[in-house]
Amino acid sequence: MSGKLIAGGALAALVATTLSAQTAAGEEPADGPDEQIKVGIQTINGSGCSAGTAAVAANADSTAFTVTYSDYLAAAGAGASPLDFRKNCQLSLVLDVPSGFTYAIQSVDYRGYAYLADGASGLEQASYYHMGSPETTTSSQSFDGPYDDNWQVTDSKEWAELVWAPCGEQRNFNVNTELRVYRGSSDQRATSLMTMDSTDSAVSTKYHLAWKEC
């Protein structure tokens, strides 16, 4: 399967590196607030997420929040319109963080399904940032046909690379994602497609949170 998947050994190495960076920077991670954070969608725009087709929810332990899309599909080839090859979604999220804490995105799991005919290709791109911040985190992953499977891309940051929300300020968290499918040299009778989230509704894009005290 394509994508940057973190296995157990790689995750252990990442944790060790993160702890080392924390010590070097003189900062210590917090366990996070005892009360559950709240997260909601303030605005939603894009060809991949029409009104009512995206939802967001925080984990009960405040370690992550998930975004679920129900109609996010890009396609190229037979039966697809010229505009279908690219779909995008822009979300402006409101995170209600308890007083005394601030958060950063430690890692993100992007998931979906792809059917790419031989000769076709696909691209997943994503970025996120705190409103008013000049720092934007971006990632991308390409896929080549033939491909017929769920896909997952995990983007992780070390402690020193984390971008923290300003303490004591309410700043929206903006999420931009994009899917592209190119027919390439595939048979003109074939249809290729990519979705954000698979047909399994339990699979969502997950944003893992890191916490520290203000």
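A salt bridge is a side-chain nitrogen of Lys or Arg within 4 Å of a carboxyl oxygen of Asp or Glu. In this structure, which is a predicted model, Arg189 and Asp187 meet that description, their closest N and O atoms being 2.8 Å apart. Arg189 has a relative accessible area of 69% and is therefore exposed, since exposed means over 50%. Asp187, at 37% relative accessibility, counts as partly exposed.

The search of the whole structure finds 7 salt bridges. One of them joins the side chains of Lys87 and Asp84, with 3.8 Å from N to O. Lys87 has a relative accessible area of 15%, so this residue is buried, because buried means under 20%. Asp84 reaches 22% relative accessibility and is therefore counted as partly exposed. Another salt bridge links Asp155 with Lys157, where the closest N and O atoms are 3.8 Å apart. Here both residues, Asp155 and Lys157, are buried. Salt bridges also link Arg86, Glu178 and Arg180 into a network.

The strands come next. Five of them, in the order E1-E5-E10-E7-E8, make up an open sheet of 5 strands with antiparallel pairing. Strand E1 (38-45) and strand E8 (137-144) stand at the edges; each has a single partner strand, so one side of each has no neighbour in the sheet. On average, neighbouring strands of this sheet are turned by 20° against each other, with direction ignored.

At the E1 edge, the partner is strand E5, residues 86-96, and the two strands pair in the antiparallel sense over 7 bridges. Within this pairing, Lys38 stands opposite Asp96 in E5.

Strand E2, residues 54-58, pairs with strand E3, residues 64-69; the two run antiparallel and are joined by 5 bridges. One residue pair in this arrangement is Ala58 and its bridge partner in E3, Phe65. E2 and E3 form a hairpin with 5 residues between them. In the turn of this hairpin, Ser62 has a positive phi of about 60°.

The two faces of E2 can be told apart. In a regular strand the side chains alternate between the two faces of the sheet. In E2, the covered face holds Ala54, Val56 and Ala58, while the uncovered face holds Ala55 and Ala57. Ala58, the bridge partner of Phe65, thus belongs to the covered face.

The last topic is the space enclosed by the protein. The count comes to 1 cavity of 30 Å³ or more. The volume of the largest cavity is about 90 Å³. Which residues line the largest cavity? Ile105 is one of them, as are Tyr128, Tyr129 and His130, followed by Glu135, Thr136 and Thr137. The lining also includes Lys157, Glu161, Leu162, Val163 and Phe173. By kind, the lining residues divide into 6 nonpolar, 3 polar and 3 charged.

Strand E7, residues 121-130, gives the most to this lining, with 3 residues. E7 stands between E10 and E8 in the order of the open sheet, and so the strand belongs both to that sheet and to the wall of the largest cavity. Lys157 likewise has two roles in this account: a residue of the cavity lining and the salt-bridge partner of Asp155.

Terms used. Residues are numbered from 1 along each chain as its sequence is written. This is a predicted model: local features need pLDDT of at least 70, side-chain atom pairs count only at pLDDT 80 or more; totals for chains, interfaces and linings use all residues. Side-chain values use heavy atoms; hydrogens and water are left out. On a 1 Å grid over the protein atoms alone, a cavity is a set of points where a 1.4 Å probe fits but cannot get out, and a pocket is an open set with protein on both sides within 12 Å along at least five of seven lines; lining residues have an atom within 4 Å of a point. Grid points are joined across faces, edges and corners, and a volume is the space filled by probe spheres set on the points. Helices (H or I, at least four residues) and strands (E, at least two) are DSSP runs, numbered from the N terminus. Ala, Val, Leu, Ile, Met, Phe, Trp, Tyr, Cys and Pro count as nonpolar, Asp, Glu, Lys and Arg as charged, and the others, Gly among them, as polar. Buried means under 20% relative accessible area, exposed over 50%, partly exposed in between (1.4 Å probe, protein chains only). Two strands pair if DSSP finds at least two bridges between them. Axes are lines fitted to C-alpha atoms, for helices over the stretch in contact, and angles run from 0 to 180 degrees between N-to-C directions.
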